[in-house]
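Morning, everyone. I have one structure to show today, and I will walk through it piece by piece. Here it is.

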Amino acid sequence: RIDDIQNVDRLCRFASFALESVWTIADVERRARTDQLTGLYNRRHFDEELGRIRARAQRATLPDSCSLLLADVDFFKKVNDTYGHDGGDAVLKAVARTFRERVREVDVCARFGGEEIAVLLPSTPVAGALELAERLRLALEALVIRHAGREIRVTASFGVASYPETARTWESLFVAADKALYEAKRGGRNQVRSSPAVSEAATS
């Protein structure tokens with residue numbers, strides 16, 4: 001019947017409008033959580049996920065390890081000075097892609113601004129975080145980035161910390177990883193360093 005066809009048509013239009021609205025909202029939310037240049041999560045989303053993981057861990061009967069990996073592209077200012085900001089952007093995109101291809105779906109990989117990337121690794125002890133950091137370091141060392149007819153090579157330094165193995169509290173997790181990253185830079189860059197175990201840190 002004509003009336004039935006018209007009703008179905010109205011329903012289809014309404015459903016189409018509703019789906020478009022949902023997709024628009026989802027796209028806006030995704031953009032609010034991601035870094036525009038690299039496609040990685042941004043600091044806001046990282047902090048929210050850290051809060052959720054922390055809350056779940058505090059409700060658990062037994063403490064679950066959670067590791068944090070901080071990476072910093074070595075001599076990034078020199079990259080910008082040599083190849084221009086477009087070249088620097090190409091490097092950041094390639095580095096971000098390298099990270100995305102090697103982290104798990106449950107991991108939270110975010111750009112912290114500039115050339116620093118943080119990876120939150122739920123249910124991962126420090127040994128597993130160190131293994132991932134070394135794989136990422138080797139992958140970046142072997143990476144060849146082609147931009148404007150030139151080849152760009154970069155390396156990165158990594159700092160790793162884990163709660164509760166090398167950080168006594170959730171609040172000290174980032175500080176511990178940042179100190180380890182500083183040690184990697186001070187030690188010559190292009191290397192992975194871990195914060196000391198809590199027992200070792202307490203006696204030092």
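Start with strand β1. Its partner β3, residues 116-122, is joined to β1 by 7 bridges, and the two run antiparallel. One pair to look for on screen: L69 sits opposite V119 of β3. Keep in mind that this is a predicted model.

Now the other neighbour. Strand β6, residues 156-163, also runs antiparallel to β1, with 8 bridges between them. Here L70 has G159 as its bridge partner in β6.

How many of the residues of β1 are buried? The strand spans residues 66-73, and 8 of its 8 residues are buried. In a regular strand, side chains alternate between the two faces of the sheet. For β1, C66, L68, L70 and D72 lie on one side, and S67, L69, A71 and V73 on the other. Both faces are covered. Note the aspartate and the serine in that set: D72 and S67 are buried too.

Let me step back to the whole chain. There are 6 helices and 7 strands. In sequence order the pattern reads α-α-β-α-β-β-α-β-β-β-α-β-α. The chain has 204 residues, and 40% of them are buried. Take contacts between residues at least 6 apart in sequence: 69% of those join residues at least 24 apart.

Next, the packing. Which residues have the most contacts inside the largest nonpolar core? They are L69, F99 and F158, in a core of 32 residues. The elements giving two or more residues to this core are β1, α3, β3, α4 and β6. Helix α3 gives the most, with 9 residues. There is also a second, separate core of 19 residues, which includes I53, L68, W170 and A177. So what about the two faces of β1? L69 is on one side and L68 on the other. L69 belongs to the largest core, while L68 is in the second.

Zoom in on F99. Beyond its neighbours within four places in sequence, F99 contacts L69, A71, C109, I117, V119, L136, L140 and F158. L69 and V119 are on that list, and they are the pair that stand opposite each other between β1 and β3.

Now a charged residue. Glutamate E49 sits in helix α2, residues 43-59. Is E49 buried or exposed? The cut-off for buried is under 20% relative accessible area. E49 has 19%, so E49 counts as buried. Past its sequence neighbours within four places, E49 is in contact with V108 and L120. E49 and L120 are 71 residues apart along the chain, yet their C-alpha atoms are separated by 8.7 Å.

Compare A197, in the loop between β7 (192-194) and α6 (198-203). A197 counts as partly exposed because its relative accessibility is 27%. Not counting residues up to four places away, A197 touches E165 and T166. T166 is 31 residues away in sequence, but 4.2 Å away C-alpha to C-alpha.

Last stop, the pockets. The largest has a volume of about 190 Å³. What lines the largest pocket? T34, G39, L40, Y41, R100, V103, R104, E105, D107 and C109 do. By type, that lining divides into 4 nonpolar, 2 polar and 4 charged. One name there is familiar: C109 lines the pocket, and C109 is also in contact with F99.

That is my tour. Questions are welcome.

Methods: Residues numbered from 1 in each chain as written. Predicted model: local features only at pLDDT ≥ 70, side-chain atom pairs only at ≥ 80, totals over all residues. Heavy atoms only, no water. 1 Å grid on protein atoms, 1.4 Å probe; cavity = no way out; pocket = protein on both sides within 12 Å on 5 of 7 lines; lining within 4 Å. Points joined across faces, edges and corners; volume = space filled by probe spheres on them. Nonpolar A, V, L, I, M, F, W, Y, C, P; charged D, E, K, R; others polar. Helix = DSSP H or I, 4+ residues; strand = E, 2+ residues; numbered from the N terminus. Buried < 20%, exposed > 50% of the residue type's maximum accessible area, 1.4 Å probe, protein only. Contact = heavy atoms within 4.5 Å. Pairing = 2+ DSSP bridges. Core = buried A, V, L, I, M, F, W, Y, C linked by side-chain atoms within 4.5 Å.
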